[in-house]
Amino acid sequence: FPSHDIWSSPLSGYSVEQVDFSSVSVTSFVEDIPQIDGLDANDPYLGGRTVNMVVSVYGSSYADFWDKMNELNYALQARPTYSTGTALPFDAMRKLSFTQPTASGNYSLYMNVRPVALPRFVTEKSSAAGVAPKGYAVTVNVSLFAEDPYKYFATERTFSVTGSGTLSVINDGKTVAWPTVAFSWSGSSTVTPFTLTLGSDTVTFAKAGGFGTTTFTADFKNCTTNPTASINNATAYEFFSFPPGTNSLTVTTGSGVTTTVTIREALL
């Protein structure tokens, strides 16, 4: 039989050898307890997620190897411009896309990440200066930081109802999903308030004199609206989210208003 060196071509590209994305810290509000020893800790939250990867970089030739290294460094520079297509249009974040298997299939997921350092590697005579017929390779350490701990589903889900009624919003993720809610109607103006109720949480949007448009959007995660409207029965910390499972959302609007709820499910 022919030897491996005869029938196998040198590799060219990247191979993820190891990933550690289990490091997520808990942040809480902490203050001293008056007159006694100890601390009073309240409101715990999950912080960002640290992602450490070990990547093998292969080149079919010495030049190809360094081309691959240059491309990896380029993709993981600290703050690329959005015009390059490598960064999201906020905070130089990039999508780290991957799949995660389940008993019923695969999750298509992503995290919003940014590099915390350029890839770290050591070139050795036995690897990066290797033998031309066998190609060239090196092991690289890649360190990333995700802005939040969530692994988001690649595809959003939408639910809609026209007029007042009850809307079933299904969250198949394993953590809460923050909605974006859009209201649309015919005509140039409406003074009808839009009210959404989930359990004991109620949020009402209104605008004196009417909205002056045919659409109105509320981002529940960032607590923003477009156009700006008054928000009743809620503060900036009380915009609700949908827990995992089937949620019954009560919608109160005018008869010709269509309410569309969009969520992006996530895992921890």
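**Exercise 1. Place Gly-38 and Ile-33, and describe how they relate.**

Step 1. Start with Gly-38, which sits in the loop between E1 and E2. The model is a predicted one.

Step 2. Check its accessibility. Gly-38 has a relative accessible area of 43%, so it is partly exposed. The class runs between 20% and 50%.

Step 3. List its contacts beyond four places in sequence. Gly-38 is in contact with Asp-32 and Ile-33.

Step 4. Turn to Ile-33. The loop between E1 and E2 holds Ile-33. Its relative accessible area is 28%, so Ile-33 is partly exposed.

Step 5. Read the contact from the other end. With residues up to four places away set aside, Ile-33 touches Gly-38, Leu-39 and Asp-40.

**Exercise 2. Decide whether Val-26 is buried or exposed, and find what it touches.**

Step 1. Locate the residue. Val-26 belongs to strand E1.

Step 2. Apply the cut-off. Exposed means over 50% relative accessible area. Val-26 reaches 59%, and therefore counts as exposed.

Step 3. Look across the sequence. Val-26 and Pro-44 are 18 residues apart along the chain, yet their C-alpha atoms are separated by 6.4 Å.

Step 4. Complete the contact list. Not counting residues up to four places away, Val-26 touches Pro-44, Tyr-45 and Leu-46.

**Exercise 3. Describe the second largest pocket: its volume, its lining and the class of its residues.**

Step 1. Take the volume. The second largest pocket has about 320 Å³.

Step 2. Count the lining. It consists of 16 residues. Nearest the centre of the pocket lie Leu-72, Ala-75, Leu-76, Leu-96 and Leu-144.

Step 3. Map the lining onto secondary structure. Two or more residues each come from strand E1 (13–32), strand E2 (39–59), helix H2 (62–75), strand E3 (94–102), strand E4 (105–115) and strand E6 (136–146). E3 gives the most to this lining, with 4 residues.

Step 4. Sort by class. The lining of the second largest pocket has 12 nonpolar, 2 polar and 2 charged residues.

**Exercise 4. Identify the largest nonpolar core and the elements that build it.**

Step 1. Take its membership. The largest nonpolar core has 24 residues. Phe-183, Leu-196, Phe-205 and Leu-249 touch the most other members.

Step 2. Assign the elements. Those giving two or more residues to this core are strand E8 (157–162), strand E9 (165–171), strand E10 (180–184), strand E11 (194–198), E12, strand E13 (215–219), strand E16 (245–252) and strand E17 (258–263). E11 gives the most, with 3 residues.

Step 3. Follow one core member, Leu-249. Leaving aside neighbours within four places in sequence, Leu-249 is in contact with Gly-165, Thr-166, Leu-167, Val-169, Leu-196, Thr-197, Leu-198, Phe-240, Phe-242 and Val-261.

Step 4. Add the other core. A second, separate core of 17 residues includes Met-111, Val-113, Val-138 and Leu-144. Leu-144 also lies among the residues nearest the centre of the second largest pocket.

Step 5. Set this in context. In soluble globular proteins, nonpolar side chains tend to be buried together.

**Exercise 5. Examine Asn-247 and Thr-204: where do they lie, and which polar contacts do their side chains make?**

Step 1. Place Asn-247 in strand E16. Buried means under 20% relative accessible area. Asn-247 has 8% relative accessibility, so it counts as buried.

Step 2. Find its polar partner. A polar atom of the Asn-247 side chain lies 3.2 Å from the backbone oxygen of Gly-245.

Step 3. Look further along the chain. Asn-247 and Asn-171 are 76 residues apart in sequence, but 7.8 Å apart in space, C-alpha to C-alpha. Beyond four places in sequence, Asn-247 is in contact with Leu-167, Ser-168, Val-169, Asn-171, Leu-198 and Phe-242.

Step 4. Move to Thr-204, which is in strand E12 (residues 201–206). Its relative accessibility is 9%, so Thr-204 counts as buried. Its side chain makes a polar contact with the side chain of Thr-195, at 3.0 Å.

**Exercise 6. Characterise Cys-223, then the chain overall.**

Step 1. Check the backbone. Cys-223 is not a glycine, yet it has a positive phi of about 55°.

Step 2. Locate Cys-223. Its place is the loop between E13 and strand E14 (224–226). At 26% relative accessibility, Cys-223 counts as partly exposed.

Step 3. Step back to the chain. It has 2 helices and 18 strands. Of its 268 residues, 34% are buried.

Step 4. Consider contact range. Among contacts between residues at least 6 apart in sequence, 68% join residues at least 24 apart.

Note on methods:
Residues numbered from 1 in each chain as written. Predicted model: local features only at pLDDT ≥ 70, side-chain atom pairs only at ≥ 80, totals over all residues. Heavy atoms only, no water. 1 Å grid on protein atoms, 1.4 Å probe; cavity = no way out; pocket = protein on both sides within 12 Å on 5 of 7 lines; lining within 4 Å. Points joined across faces, edges and corners; volume = space filled by probe spheres on them. Nonpolar A, V, L, I, M, F, W, Y, C, P; charged D, E, K, R; others polar. Buried < 20%, exposed > 50% of the residue type's maximum accessible area, 1.4 Å probe, protein only. Polar contact = N/O pair within 3.5 Å; in protein donor to acceptor, adjacent residues only side chain to side chain. Contact = heavy atoms within 4.5 Å. Core = buried A, V, L, I, M, F, W, Y, C linked by side-chain atoms within 4.5 Å.
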